[in-house]
Amino acid sequence: MNLQQGQIVQLTTNPDQAYQVLSIDQDGDCCWVRRWPLSRHGSPAFAVPLRQVACRELAPS
């Protein structure tokens, strides 16, 4: 998968929630994400293994 900063994804461990990619660490095989949409007080970032990241299907408009 070709991840890009700012991309909206889902995690295989929590497919009902959207996350925004903040940075990708190819050497460390992980990326930093935060919940999307942002909460009123911000959303803390956390690292997840790249194997747990999946592209999110956009709902039809």
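This is a short talk through the fold, the core and two backbone details of one protein chain.

Okay, so before anything else: what you have up there is a predicted model. Let's start with the overall layout. The protein chain has five strands and zero helices, so reading from the N terminus you just get β-β-β-β-β. How compact is the protein chain for its 61 residues? The radius of gyration comes out at 11 Å, and the globule rule gives 10 Å for that length, so we're looking at something as compact as a globular protein of 61 residues. If you want a feel for the dimensions, the C-alpha atoms fill a box of roughly 35 × 30 × 20 Å along the principal axes.

On to contacts and surface. Take the contacts in the protein chain with a separation of 6 or more: 32% of those come from residues 24 or more positions apart. As for burial, 26% of the 61 residues count as buried. The protein chain exposes about 4,400 Å², with carbon and sulfur atoms supplying 48% of that. Charges: there are 5 positive and 5 negative side chains, and the centres of the two sets sit 14 Å apart.

Now the inside. In soluble globular proteins, nonpolar side chains tend to be buried together. Here, which residues make up the largest nonpolar core? Ten of them: L3, V9, L11, Y19, V21, C31, V33, V48, L50 and V53. Strands β1 (8-11), β2 and β3 each put at least two residues into this core. One member I'd click on is V53. Leaving out residues up to four places away in sequence, V53 touches M1, L3, V9, Q10, L11, C31 and V48. Have a look at that list next to the core list: L3, V9, L11, C31 and V48 are among the core residues too.

Last bit, the backbone, and there are two spots to show you. Where does D29 sit? It's in the loop between β2 (14-25) and β3. The phi of D29 is near 55°, so that's a positive value in a residue that isn't glycine. D29 is partly exposed, with a relative accessible area of 41%.

The other spot comes at the far end of β3, which spans 30-36. Is the peptide bond from W36 to P37 cis or trans? It's cis, with omega near 0°. P37 itself belongs to the loop that runs between β3 and β4 (46-49).

That's my tour, happy to rotate things if anyone wants another view.

How values were computed
Residues are numbered from 1 along each chain as its sequence is written. This is a predicted model: local features need pLDDT of at least 70, side-chain atom pairs count only at pLDDT 80 or more; totals for chains, interfaces and linings use all residues. Side-chain values use heavy atoms; hydrogens and water are left out. Helices (H or I, at least four residues) and strands (E, at least two) are DSSP runs, numbered from the N terminus. Buried means under 20% relative accessible area, exposed over 50%, partly exposed in between (1.4 Å probe, protein chains only). A nonpolar core is a set of buried Ala, Val, Leu, Ile, Met, Phe, Trp, Tyr and Cys residues joined through side-chain atoms within 4.5 Å. Contact means heavy atoms within 4.5 Å. The radius of gyration is taken over C-alpha atoms; the globule rule is 2.2 Å times the number of residues to the power 0.38. Accessible areas come from the Shrake-Rupley method with a 1.4 Å probe; for residues, only the protein chains shown count as cover. Lys and Arg count as positive and Asp and Glu as negative; His and the chain ends are not counted. The place of a charge is taken as NZ of Lys, CZ of Arg, CG of Asp or CD of Glu.
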